[in-house]
Amino acid sequence: MIARLLRRVALVALLQPSVGRAEPTSVSLPAPRREGAVSVESALATRRSVRELSSQPLTLADIGQLLWAAQGVTGPDGKRTAPSARHLYPLEIAVVARNVEGLPAGAWRYVPARHALELLAPARGGAPMLSRATSQPPVLAAPAVFVVAAEYERMDAGPRSHVFTDYEAGLASENLLLEVVALRLGAVVVGGMDPAAARAAVGFTGREQVVVLIPVGHPARATP
């Protein structure tokens, strides 16, 4: 009788919906495209800040392509899309996913060497993750917000460490913005935020300092 009871318990467990199944803590990204239909010149000519974003979701391929443009590895020696002084790569980029197909909501760190994401902090119910960092509508409404942060100590260039690292953050950000145009998406650079609150919301635990936020989505209306 005990054996029969155990079989019934096991059957019930198998039939239960997987509501308690843990979300993944690592996600591999689709391989980035190395060629596209939009030229660099066209992307430069048509890039504009887009603050009104629609509720249309982004895809995991969109996220991977944008991250690769900002900090992707482009050679066997580990060099990346954006130049770095002495190849020290002090930047960390996270994406706060709110409405991305194939990616659970939360904050994810980009791992360039594996072209993958690692979970920093799952989304909780209630206000958007970055609501304590800024009240700017594009950040709160975008399906994804890219968080460009820096560990200045990695640069190890004395008093020039901040300057060199901030240059690199600008280069990576511009790469991402040009890829936004190539994907026919919209984005805007947001510097008006509380860096410490953004860092806490994302879940960084090292020496990362948030430099800028870049909300990305489909434009709500045609860009002039």
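This is a short talk on how helix H3 sits in the fold, and on a few places around it.

Okay, first thing to keep in mind: what you have on screen is a predicted model.

Let's start with H3, residues 60-71. Twelve residues at 1.5 Å each should span 16 Å, and the end C-alpha atoms are 16 Å apart, so the helix length agrees with expectation. How many of the twelve residues in H3 are buried? Eleven, so to speak almost the whole list. Among them are Leu 60, Asp 62, Ile 63, Gly 64 and Gln 65, and also Trp 68 and Gln 71.

Now, what is H3 packed into? In general, nonpolar side chains in soluble globular proteins tend to be buried together. Here the largest nonpolar core has 35 residues, and the members touching the most other members are Ile 63, Leu 117, Phe 146, Ile 214 and Val 216. Several elements feed this core with at least two residues each: H3, strands E3 (91-97), E5 (106-111), E7 (144-150) and E9 (209-217), plus helix H6 (161-182). Which one gives the most? That's H3, with six residues.

Pick Val 216 and look around. Its contacts beyond the sequence neighbourhood of four places include Leu 53, Leu 58 and Leu 66, then Phe 146, and Leu 176 and Val 180. There's another core apart from this one, with 23 residues, including Val 50, Leu 130, Ala 133 and Val 139.

On to H6. Its 22 residues should span 32 Å at 1.5 Å a residue, and the end C-alpha atoms are 32 Å apart, so that checks out too. Buried residues in H6 include Ser 161, Thr 165, Ala 169, Leu 177 and Val 181. Just after H6 comes Arg 184, with a positive phi near 60°.

So how do the two helices meet? The axes of H3 and H6 come within 7 Å and cross at roughly 145°, and the crossing is right-handed. On the H3 side you've got Gln 65, Leu 66, Ala 69, Ala 70 and Gln 71; they meet Glu 168, Ala 172, Asn 175, Leu 176, Glu 179 and Val 180 of H6. By type, the residues of that contact are six nonpolar, three polar and two charged.

Last stop, Gly 203, in the loop between helix H7 (195-202) and E9. Buried or exposed? Gly 203 has 18% relative accessibility, and the cut-off for buried is under 20%, so Gly 203 counts as buried. Gly 203 and Trp 108 are 95 residues apart in sequence, yet their C-alpha atoms are 9.0 Å apart in space.

Key. Residues are numbered from 1 along each chain as its sequence is written. This is a predicted model: local features need pLDDT of at least 70, side-chain atom pairs count only at pLDDT 80 or more; totals for chains, interfaces and linings use all residues. Side-chain values use heavy atoms; hydrogens and water are left out. Helices (H or I, at least four residues) and strands (E, at least two) are DSSP runs, numbered from the N terminus. The expected span of a helix is 1.5 Å times one less than its number of residues. Buried means under 20% relative accessible area, exposed over 50%, partly exposed in between (1.4 Å probe, protein chains only). A nonpolar core is a set of buried Ala, Val, Leu, Ile, Met, Phe, Trp, Tyr and Cys residues joined through side-chain atoms within 4.5 Å. Contact means heavy atoms within 4.5 Å. Axes are lines fitted to C-alpha atoms, for helices over the stretch in contact, and angles run from 0 to 180 degrees between N-to-C directions. A crossing is left-handed if the near helix is turned anticlockwise from the far one by less than a right angle, and right-handed if clockwise. Ala, Val, Leu, Ile, Met, Phe, Trp, Tyr, Cys and Pro count as nonpolar, Asp, Glu, Lys and Arg as charged, and the others, Gly among them, as polar.
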